[in-house]
Amino acid sequence: MPYRVPCPRHELFARPPYPFPFFQGRPFVSVLTSTGCSGKCIFCSHRLAPLGRRDTDDVRRELFRINELGIRCVYFQDACFTMDRGAVLATLDQIQELPDPIRWVCSCRVDQVDRELLEKMKATGCIAIQFGVESGNEAILKLLNKNITLQQALGTFQLCRELGIRTHAFFIMGLPMETTETMQQTVEFALKLNPDSASFGVPMFLAGTTLTNKYGGEAFLREGDDVSPARQPRTGILESDLMQALRAAYRRFYFRPAYALRQLGRARNPRDFWVAIRQGVGLLRWIGGGRRS
Ligand code: SF4
């Protein structure tokens, strides 16, 4: 049974200090059309939440209200926006009915979109999609129960590029089974995938997930840890080495001259240019100073 929620007071949030990189400093709001995810990834808490679909009229009312407020950027915060194709198509129809066009961003799985759907998404204002790719190693993807292949990821990112939809790829490093080589593979794959942006994070041991139940906090080695075979951790990566590997991944991905030029070349006005510079400086500070942001 589709659920309904009262329309949030979006006017209170659609202003700084809530920036979202793809909207380049423009006011935006978040909208949720579903809960949970039918994916089975072992590290994710969304799969533990009940699957729910919001009433389409309820979503429509909220989108019209946002339009009325003059807000033109929407982030669909669903864990997997394309989980139910029929419902997504209904939402796209509603977006098309809005008096003023909007730009929007969502997250989905690489195996749940195809050219036809992506074209429709693009036509209704989708400017960017975030995808969880997680690893550049097929065996780790399998262990995570991600149920996608690297080839699928390459195909979907290529399609988005052809259609002019920007992409963000999420990667995780320091997973069970991880080695220096597999982390290297992840970075190489990120470069090959060539999304518009990428993030490299560490596994979160969330309550109730298989990752936590099976591997707990034993995934990393810490300096001074007993590494005798009787207490062999799931990955032989020292936490300090992992942090270094993350910084190196960001450095390799973002500090490529061609990448920097592409991003700056996209700036359509001084504000876009300034936002890109600020993001670059923030990243430089983190990489250089060891500060997490
Ligand atoms: S990681 Fe993404 S696809 Fe996997 S269960 Fe979570 S939301 Fe679903």
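Which residue in β7 is the bridge partner of I129? The legends below take up this pairing and its surroundings in a predicted model.

**View 1. Pairing of strands β6 and β7.** Strand β6, which spans residues 126-134, and strand β7, which spans residues 166-172, pair in the parallel sense, and the pairing extends over 6 bridges. Within this ladder, the residue of β7 that serves as the bridge partner of I129 is T167.

**View 2. Pairing of strands β7 and β8, with the connection through helix α6.** Strand β7 also pairs in the parallel sense with strand β8, made up of residues 197-201, and here the pairing runs over 5 bridges. H168 stands opposite S197, a residue of β8. Between β7 and β8 the chain passes through helix α6, residues 180-193, and the β-α-β crossover formed in this way is right-handed.

**View 3. Crossing of helices α3 and α5.** The axes of helix α3, residues 115-123, and helix α5, residues 150-163, come within 10 Å of each other and cross at roughly 40 degrees. Because angles under 35 degrees count as roughly parallel and those from 65 to 115 as roughly perpendicular, this angle makes α3 oblique to α5. The crossing of the two helices is right-handed.

**View 4. Residues in the contact of α3 with α5.** On the α3 side, R115, L118, E119 and K122 take part, and they meet L159, C160 and L163 of α5. Sorted by character, the residues of this contact comprise 4 nonpolar and 3 charged ones, with no polar residue among them.

Notes
Residues are numbered from 1 along each chain as its sequence is written. This is a predicted model: local features need pLDDT of at least 70, side-chain atom pairs count only at pLDDT 80 or more; totals for chains, interfaces and linings use all residues. Axes are lines fitted to C-alpha atoms, for helices over the stretch in contact, and angles run from 0 to 180 degrees between N-to-C directions. Helices (H or I, at least four residues) and strands (E, at least two) are DSSP runs, numbered from the N terminus. Angles under 35 degrees count as roughly parallel, over 145 as roughly antiparallel, 65 to 115 as roughly perpendicular and the rest as oblique. A crossing is left-handed if the near helix is turned anticlockwise from the far one by less than a right angle, and right-handed if clockwise. Two residues are in contact if their C-beta atoms, placed from the backbone, lie within 7 Å. Ala, Val, Leu, Ile, Met, Phe, Trp, Tyr, Cys and Pro count as nonpolar, Asp, Glu, Lys and Arg as charged, and the others, Gly among them, as polar. Two strands pair if DSSP finds at least two bridges between them. A crossover is right-handed if, with the strands pointing away from the viewer, the path from the first strand over the helix to the second runs clockwise.
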